[in-house]
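Colleague: I should like to learn how to read the pairings and links in a model of this kind. Please take me through them one by one.

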Amino acid sequence: MCASLWLWVILGGFQLVASQFPRACATVPALQSKQCCPSHGSDSAVLCGAESNRGICADVQVINKPWSGPYNLRNVDDRERWPLKFFNRTCRCTGNYAGYNCGGCKFGWAGLNCDLRKPPVIRKNILSLTPTEQEQFLDALDKAKTTIHPDYVIATQHWLSLLGPNGTQPQVANISIYNYFVWLHYYSTRDTLLGPGRPFKGIDFSHRGPSFLTWHRYHLMLLERDLQELIGNESFALPYWNFATGNKDCDVCTDSLLGSQRLDEQSLINQSSRFSRWEIVCDSLDDYNRFVTLCNGTNEGPIRRGFMEMTNVQLPTMEDIYHCLSVKDFDSPPYFQNSNFSFRNSLEGFAAPDGETKSNEFQSLHNLVHYFLNGTNALAHSAANDPLFVVLHAFTDAIFDEWMKQNSPSVSVWPEEMAPIGHNRQFNMVPFYPSMTNEELFVLSSELGYSYEIELSEPQTSLSTILGVTFSGIFVGLVFLTVMLIIIPRQRRNRGFEYLLNSKFSNKMYTEEI
């Protein structure tokens, strides 16, 4: 959904910034004017569908609230007040219109005027899909891996060279739909580049804070819509993987689903799976930092997994899910990976399922699954390369949605300020374009056009069962008492009963008794 772009600034050293753009705005006039307001309709002079009241070209809205966390730099990283470093005027859509040119509808809406509520698409357990549904999902992923994104491009040069040697040729490249999905995740987690080999690593716009849940929710929504349009099926929905099995193996890692392991090289996917042919992108983070560059979509080798090495690690259990859902506070200060009794931190996996923070190394729920899968999945910047990422995060979102249903939280529970950079309530989520705030995603999934076929509420014991168990216990107790009242007097008469005052005690310890 946008293009990666470098901007060199001299401020006591090199400072690298990057961004992403719709193809329609990867032009010399748009980049020079910092205005991305493409037309929608036959008249290229009428911007943002203004002739049909779909939107207007307006100043970008950015909320300036203080943030906390380890990132203590200012005006160094281009993502700080997203997306003002690159565009300060964009299309502002009216009503239910949406998109970079207001040519589409908001999620959950349809029709020429975007005034018809769409029935929500239903996300199902991947193991419960019919063979036809499974094949449709796998085919859609495979097609997205090789199909150029119709709307977005990535830049291949830094800011000073973006317009080419003569200033008239934007240095941009196409990227596939699925690799664009990967690039978005990479870009949100990448380091701040201060110069060759000088990265600032204390920054993450999609993890270790409240935005973890809303960011990944929107990330999946964008992929789901892209796949719907790619295969021409508006009812298509991403499936989820219920990873809460407590097992030591991956039950969706089969050749008919997301790929089993090779026998001769267990870190690779079996060659009978289509995913064995997938190449990953955006994996060489250390090289990008060393050479002060960004991921440009170049293939960097096969997907790797390492769960066969995790002999002492098992996946979360449903009991863990129930504990997590019982945590009532959405998040708690300092809104970071050390937040105690925070539902978000518990689900993300930096805290125990019950919400207690144990140590920085603790892994549970979402984090534990990535750790279990290992390989490509173990690193945030590269994890989205593995299609397991899609179904893993769909289930994580299902847990988030269940918590929203059970608690009906007010948006006020989300901090307006002093969360880590990018995680305040009204911050524009990086690097989505057009901009989208965390607040807009803090709603039930049904309001966003999808829902889950799943039952995550903790099973409740019925009153009849409780009464049955209670009365059964009372009956058994009465029978036992009656038997004892009959047997004990008889034993006393048979062997002679000695009162406690006449008994003799031994000095031997219990463990010394023979």
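Colleague: Which residues are linked in a network of salt bridges?

Modeller: Side chains of opposite charge can pair when their charged atoms come close. A salt bridge here is a side-chain nitrogen of Lys or Arg within 4 Å of a carboxyl oxygen of Asp or Glu. In this structure the network links Arg123, Arg217, Glu224, Asp397, Asp401 and Lys405.

Colleague: On what basis should these values be read?

Modeller: This is a predicted model, in which local features need pLDDT of at least 70 and side-chain atom pairs count only at pLDDT 80 or more, while totals for chains, interfaces and linings use all residues. Residues are numbered from 1 along each chain as its sequence is written, and side-chain values use heavy atoms, with hydrogens and water left out.

Colleague: How many salt bridges does the structure hold?

Modeller: The structure holds 19 salt bridges. One of them pairs Asp386 with Arg305, at 2.8 Å from N to O. This pair links distant parts of the chain, 81 residues apart: Asp386 is in the loop between helix H8 (365-373) and helix H9 (388-407), and Arg305 is in the loop between H5 and H6. Helices, for this purpose, are DSSP runs of H or I with at least four residues, numbered from the N terminus.

Colleague: Are Asp386 and Arg305 buried or exposed?

Modeller: The rule comes before the case: buried means under 20% relative accessible area, exposed over 50%, and partly exposed in between, with a 1.4 Å probe and protein chains only. Asp386 has a relative accessible area of 0% and is therefore buried; Arg305, with 4%, is buried as well.

Colleague: Which residue forms a salt bridge with Arg290, and where do the two lie?

Modeller: The partner of Arg290 is Asp287, with the closest N and O atoms 2.2 Å apart. Both residues lie in helix H5, three residues apart, which is about one turn of the helix. Arg290 is partly exposed at 44% relative accessibility, and Asp287 is partly exposed at 31%.

Colleague: What is the case for Asp77 and Arg79?

Modeller: They form a salt bridge whose closest N and O atoms are 2.7 Å apart. Asp77 is buried, at 1% relative accessibility, and Arg79 is buried, at 0%.

Colleague: How should the disulfides be read?

Modeller: A disulfide is a covalent bond between the sulfur atoms of two cysteines. The rule applied is a pair of cysteine sulfur atoms within 2.5 Å, and by this rule the count comes to seven disulfides. Among them, Cys282 is joined to Cys295, with 2.0 Å from S to S. Cys282 lies in the loop between helix H4 (211-231) and helix H5 (285-291), and Cys295 in the loop between H5 and helix H6 (318-325), so the pair ties together parts that are 13 residues apart in sequence. The torsion about its S-S bond is -65°, a left-handed link. Cys282 is buried at 0%, and Cys295 is buried at 1%.

Colleague: What is the torsion about the S-S bond of Cys105 and Cys114?

Modeller: That torsion is about -80°, so the disulfide is left-handed; its sulfur atoms are 2.0 Å apart. Cys105 is buried at 13%, as is Cys114 at 1%.

Colleague: Which cysteine is joined to Cys93?

Modeller: Cys93 is joined to Cys102, at 2.2 Å from S to S. With -95° about the S-S bond, this link is left-handed. Cys93 is partly exposed at 25% relative accessibility, whereas Cys102 is buried at 0%.
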